[in-house]
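Let's take a walk through a protein model together, one stop at a time. Have the sequence and the 3D view open as you read.

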Amino acid sequence: MALEVGTPAPDFALPDQNGETVRLSDFRGESNVVLVFYPFAFSGICTGELCEIRDNISVFADEDVQVIGVSCDPKWSLKAFAEAEKYDFPLLSDFWPHGAVAQQYGVFNDQIGFSIRGSFLVDTEGTLRWQVVNGPGEARPLSAYQEALAALKA
């Protein structure tokens, strides 16, 4: 089930890599949010995508956008992943109930048990402003995020 741009983004509460609960609604009125769903910590394409975001975090920070990664990995794996790759943005664990938030966003592959690659830009009012969904082996380019952020300002 795909979400429609212009509709409210589903709220959620998930633990981050440090065990702290993060709610999408916590950012309402404060900053825009890019949710980056990815299949697995430490996998090649996922690591490459998140490292590209890490290395270009100013693209997001300059537009007052909080980046949040989401996967079905347990928080302990996400903690090791964040430390190994020096990610300064939250990585949320959609481990249990398994993939529940990914299901809300229409990016859970229930035959294999992980989220596919979906990115969602949520504005400060909690409205979905942009999305891109790719298959497991299809990386999302940084340019897609840059185009979405430019459109957010327009």
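Before we set off, here's one cut-off you'll need: a residue counts as buried under 20% relative accessible area, as exposed over 50%, and as partly exposed in between. Keep in mind, too, that this is a predicted model.

Let's try the cut-off on phenylalanine 42. Its relative accessible area is 46%, so phenylalanine 42 is partly exposed. You'll find phenylalanine 42 in the loop between S3 and H1. Its backbone is worth a look as well: phi is positive, about 70°, although this residue is not a glycine. Lysine 86 is another non-glycine residue with a positive phi, this time near 60°. Lysine 86 sits in the loop between helix H3 (75–85) and S5, and with 60% relative accessibility it counts as exposed.

Now for the rings. The structure has 11 aromatic pairs. In one of them, phenylalanine 81 meets tyrosine 87 edge-to-face, with 5.1 Å from centre to centre and 80° between the planes. Both phenylalanine 81 and tyrosine 87 are buried. Zoom out a little and you'll see a cluster, where ring pairs link Tyr38, Phe42, Phe81, Tyr87 and Phe89.

Which residues does threonine 47 contact, leaving aside its neighbours within four places in sequence? They are Phe42, Phe81, Glu85 and Tyr87, and Phe42, Phe81 and Tyr87 are also part of that ring cluster. Threonine 47 itself belongs to helix H1 (residues 44–55). Its relative accessible area is 14%, so threonine 47 counts as buried.

Next stop: strand S8. Why is strand S8 (residues 117–122) largely enclosed by the rest of the structure? Because six of its six residues are buried. Arg117, Ser119 and Leu121 point one way from S8, while Gly118, Phe120 and Val122 point the other way. S8 has partners, too. Strand S3 (residues 32–37) runs antiparallel to S8, and five bridges join them; here valine 34 stands opposite leucine 121. S8 also pairs with strand S9 (residues 128–134), again in the antiparallel sense, over six bridges. In that pairing, valine 122 faces leucine 128 of S9. S8 and S9 form a hairpin with five residues between the strands, and there glycine 126 takes a positive phi near 90°.

Glycine 126 and valine 122 turn up again at our next stop, since both help line the largest cavity. The count is one cavity of 30 Å³ or more, and the largest holds about 40 Å³ of space. The other residues in its lining are Leu24, Phe27, Arg28, Ser31, Val33 and Asp123. By type, the lining divides into four nonpolar, two polar and two charged residues.

Phe27 leads us to valine 22, which touches Phe27 along with Phe12, Ala13, Leu14, Asp16, Ile68 and Leu92, not counting residues up to four places away in sequence. Valine 22 lies in strand S2 (residues 21–23), and its relative accessible area is 10%, so it is buried. Compare its position with valine 5: the two are 17 residues apart in sequence and 23 Å apart in space, C-alpha to C-alpha.

One last backbone detail. Tryptophan 96 and proline 97 are joined by a cis peptide bond, with omega at about -10°. To find proline 97, look in the loop between strand S5 (91–93) and helix H4 (100–104).

How values were computed. Residues are numbered from 1 along each chain as its sequence is written. This is a predicted model: local features need pLDDT of at least 70, side-chain atom pairs count only at pLDDT 80 or more; totals for chains, interfaces and linings use all residues. Side-chain values use heavy atoms; hydrogens and water are left out. On a 1 Å grid over the protein atoms alone, a cavity is a set of points where a 1.4 Å probe fits but cannot get out, and a pocket is an open set with protein on both sides within 12 Å along at least five of seven lines; lining residues have an atom within 4 Å of a point. Grid points are joined across faces, edges and corners, and a volume is the space filled by probe spheres set on the points. Ala, Val, Leu, Ile, Met, Phe, Trp, Tyr, Cys and Pro count as nonpolar, Asp, Glu, Lys and Arg as charged, and the others, Gly among them, as polar. Buried means under 20% relative accessible area, exposed over 50%, partly exposed in between (1.4 Å probe, protein chains only). Helices (H or I, at least four residues) and strands (E, at least two) are DSSP runs, numbered from the N terminus. Two strands pair if DSSP finds at least two bridges between them. Rings of Phe, Tyr and Trp (its six-membered ring) pair if their centres lie within 6.5 Å; planes under 30 degrees apart count as stacked, over 60 as edge-to-face and the rest as tilted. Contact means heavy atoms within 4.5 Å.
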